[in-house]
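Biologist: I should be grateful for a close look at one helix of this protein, set in the context of the whole chain.

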Amino acid sequence: MAYTLQGTKDCAVVSICNFTGKSYDEVLAAGEIITPGFTYKVKMRGTHHHEITFILAHLTKRAWAESTPRRGQDKLNGILSWHKPNRKSGHMTACVNGHVFDTNGKVWPIEEYRRTYNFNLRKVWR
């Protein structure tokens, strides 16, 4: 897990890189997928949840389920979407065995990360 933020608010790109082991450029290229009626694009900022599911499936060649996690999942693995209370935008990180790999290069236990930044865990892709 070697990637950190390269642009402004590119946490989706960095999180996918960190979890899948793909390069930054590979993730950006995978986002340029065109299917009948839809264009999926990983953006430097503001990538939407439905786009993440499709892009992860394309990169890893497997199905990804998006769910709302419960507390107490110490061994959680996947891409996590975080939000602060009463805020529309959020933040995305990679998580392996309950440890959050933030886009600044720091690694935190999941509950400590949540409490430190006052985040609510909204979605997980596994």
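How much accessible surface does the chain have, and what percentage of that surface belongs to carbon and sulfur atoms? Please then turn to helix α3: which of its residues are buried?

Modeller: The model is a predicted one. The accessible surface of the chain is about 7,100 Å², and carbon and sulfur atoms account for 52% of it. Of the 126 residues in the chain, 39% are buried. Its secondary structure consists of 4 helices and 8 strands, arranged along the sequence as α-α-β-β-α-β-β-β-β-β-α-β. Among contacts with a separation of 6 or more, 53% join residues 24 or more positions apart.

Helix α3 comprises 12 residues, 49-60. From first C-alpha to last, helix α3 reaches 17 Å, close to the 16 Å expected at 1.5 Å a residue. The buried residues in α3 are Glu51, Ile52, Ile55, Leu56 and Leu59. Viewed down the axis of α3, these buried residues fall within an arc of 130°, so they line one face of the helix. The general geometry is relevant here: an α-helix has 3.6 residues a turn, so residues three or four places apart point the same way. Just after α3, Lys61 adopts a positive phi of about 60°.

A note on the cysteines completes the picture. Cys11 is buried, with a relative accessible area of 14%, and Cys17 is also buried, at 1%. A search of the whole structure nevertheless finds 0 disulfides.

Technical notes
Residues are numbered from 1 along each chain as its sequence is written. This is a predicted model: local features need pLDDT of at least 70, side-chain atom pairs count only at pLDDT 80 or more; totals for chains, interfaces and linings use all residues. Side-chain values use heavy atoms; hydrogens and water are left out. Helices (H or I, at least four residues) and strands (E, at least two) are DSSP runs, numbered from the N terminus. The expected span of a helix is 1.5 Å times one less than its number of residues. Buried means under 20% relative accessible area, exposed over 50%, partly exposed in between (1.4 Å probe, protein chains only). The arc is that of the directions from the helix axis to the C-beta atoms. A disulfide is a pair of cysteine sulfur atoms within 2.5 Å. Contact means heavy atoms within 4.5 Å. Accessible areas come from the Shrake-Rupley method with a 1.4 Å probe; for residues, only the protein chains shown count as cover.
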